[in-house]
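Please look through the structure below. A short report follows, taking one feature at a time.

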Amino acid sequence: MNITLSPQVRTGNLTLSKSGDVLTINGDAFDFSFIEEGDVLPKNTVECPLLASDVTRTDGALVLTLLLPIKNTSSDAAKFPAPILNAPNGAIEVPA
């Protein structure tokens, strides 16, 4: 799973964990196991306010973008986050 983070000044937080093709975002589990290579799941069909892109599978990996809530005073690591490539199972760290 490859996740791009798109910082946005807003309230709230982002917690992530992964188990296979199931991504848990702020406690809500999203099972993307049905997405096959080349498929596109439009973002407007997923009830997740932090999903900022369609979900696809490319070269075997799920690919998506999530909004990362930040403050004006957030660190540069949060304002310019590196993509999360090949996300491991378990909790996924996001910049604070």
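## A salt bridge across the chain

Is Asp21 buried, partly exposed or exposed? Asp21 has a relative accessible area of 26%. Buried would need a value under 20%, and exposed a value over 50%. Asp21 is therefore partly exposed. Keep in mind that this is a predicted model.

Asp21 has a charged partner. It forms a salt bridge with Arg57. The closest N and O atoms of the two residues are 2.9 Å apart. The pair links distant parts of the chain, with the two positions 36 residues apart in numbering. Asp21 sits in the loop between strand 2 (16-19) and strand 3. Arg57 belongs to strand 6. Side chains of opposite charge can pair when their charged atoms come close. How many salt bridges does a search of the whole structure find? The search finds 1.

The two partners fall into separate exposure classes. Arg57 has a relative accessible area of 10%, so it is buried. Asp21, at 26%, is partly exposed.

## The open sheet

Now turn to the strands. Four of them form an open sheet. The order is 1-7-6-5, and the pairing is mixed. Why is one side of strand 1 and of strand 5 left without a neighbour in the sheet? Strand 1 (2-9) and strand 5 (40-41) stand at the edges, and each has a single partner strand, so one side of each stays free of a neighbour in the sheet.

Strand 1 pairs with strand 7 (residues 61-70). The two run parallel, and 8 bridges join them. One position to find is Gln8, whose bridge partner in strand 7 is Pro69. In a regular strand the side chains alternate between the two faces of the sheet.

Val63 is another residue of strand 7. With a relative accessible area of 29%, it is partly exposed. Compare its position with that of Leu5. Val63 and Leu5 are 58 residues apart in sequence. In space, their C-alpha atoms are 11 Å apart.

## The hairpin

Strand 3 (residues 22-25) and strand 4 (residues 28-31) run antiparallel. They are joined by 4 bridges. Thr24 stands opposite Ala29 of strand 4. Together the two strands form a hairpin, with 2 residues between them.

Which residue in the turn has a positive phi? It is Asn26, with a phi of about 50°. The value is positive in a residue other than glycine. Asn26 is found in the loop between strand 3 and strand 4. Its relative accessible area is 32%, so it is partly exposed.

## Asp59 and a negative patch

A second loop deserves a look. Asp59 lies between strand 6 (55-58) and strand 7, in the loop. It has a positive phi of about 50°, although it is not a glycine. Is Asp59 buried or exposed? Its relative accessible area is 74%, so Asp59 is exposed.

Asp59 also takes part in a surface feature. Together with Glu36, Glu37 and Asp39, it forms a negative surface patch.

## Recap

Return to the model with these points in hand. Asp21 and Arg57 form a salt bridge. Strands 1, 7, 6 and 5 make up an open sheet, in that order. Strand 3 and strand 4 form a hairpin. Asp59 belongs to a negative surface patch.

Notes: Residues numbered from 1 in each chain as written. Predicted model: local features only at pLDDT ≥ 70, side-chain atom pairs only at ≥ 80, totals over all residues. Heavy atoms only, no water. Pairing = 2+ DSSP bridges. Patch = residues over 30% accessible without salt bridge, like charges linked within 9 Å, V, L, I, M, F, W, Y side chains within 5 Å. Areas by Shrake-Rupley, 256 points an atom, 1.4 Å probe, with all protein chains shown as cover. Salt bridge = Lys/Arg side-chain N within 4 Å of Asp/Glu carboxyl O. Lys, Arg positive; Asp, Glu negative; His and termini not counted. Charge placed at Lys NZ, Arg CZ, Asp CG, Glu CD. Buried < 20%, exposed > 50% of the residue type's maximum accessible area, 1.4 Å probe, protein only.
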